[in-house]
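Trainee: I would like to take a close look at one part of this model rather than survey the whole of it. Could you walk me through a single strand, its pairing partners and its cysteine?

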Amino acid sequence: MIGKLNHVAIAVPDLDAATTLYRDTLGAKVSEAVDQPDHGVTTVFVELPNTKIELLYPLGENSPIAGFLAKNQAGGIHHVCYEVEDIRAAAEKLKADGMRILGDGEPKIGAHGKPVLFLHPKDFCGTLVELEEV
Ligand code: CO
């Protein structure tokens, strides 16, 4: 069902420092910072030849990554995103297998303008998993 690794998301306490680290120290191609008010984050994408790294920084009062950064003050891996061809079919299969989908279980438009779902970390080896339809 799952295909390519679309991205690994890393929550960071200092977006400028993280961007500089990836661009200048690691020599990667990085995007501009983009505010995503619908998601409560500001993102910078690091483009690698085979996947992307999504740097996440809290935006606004109720950012979904604020709690994560409070517990992980140096930052840390927040989620991994796998590609699927049909997100509704994927959701039905996962629900039939007893997996928990976060929120109301309906796909939402994610940070890249494509439908996404998040799966409960306790069902996936302690890792928050995002599925993105491509
Ligand atoms: Co993501």
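Mentor: Two strands are taken to pair if DSSP finds at least two bridges between them, and with that in hand we can turn to strand E6, keeping in mind that this is a predicted model. E6 covers residues 76–84 and pairs with strand E9, residues 129–133, in the parallel sense over 5 bridges; within this pairing, Val 80 stands opposite Val 129 of E9. E6 also pairs with strand E1, residues 5–11, here in the antiparallel sense and over 6 bridges, with Ala 9 standing opposite His 79 of E6. As for its surroundings, 7 of the 9 residues of E6 are buried, so the strand is largely enclosed by the rest of the structure. As background, in a regular strand the side chains alternate between the two faces of the sheet.

The cysteine you ask about is Cys 81, which has a relative accessible area of 0% and is therefore buried, the cut-off being under 20%. Since a disulfide requires a pair of cysteine sulfur atoms within 2.5 Å, the count comes to 0 disulfides. Cys 81 is accordingly in no disulfide, and the nearest cysteine sulfur, that of Cys 125, is 17 Å away. Cys 125 is likewise in no disulfide, its nearest cysteine sulfur being that of Cys 81, at 17 Å. In contrast to the buried Cys 81, Cys 125 is exposed, with a relative accessible area of 81%.

Terms used:
Residues are numbered from 1 along each chain as its sequence is written. This is a predicted model: local features need pLDDT of at least 70, side-chain atom pairs count only at pLDDT 80 or more; totals for chains, interfaces and linings use all residues. Side-chain values use heavy atoms; hydrogens and water are left out. Buried means under 20% relative accessible area, exposed over 50%, partly exposed in between (1.4 Å probe, protein chains only). Helices (H or I, at least four residues) and strands (E, at least two) are DSSP runs, numbered from the N terminus.
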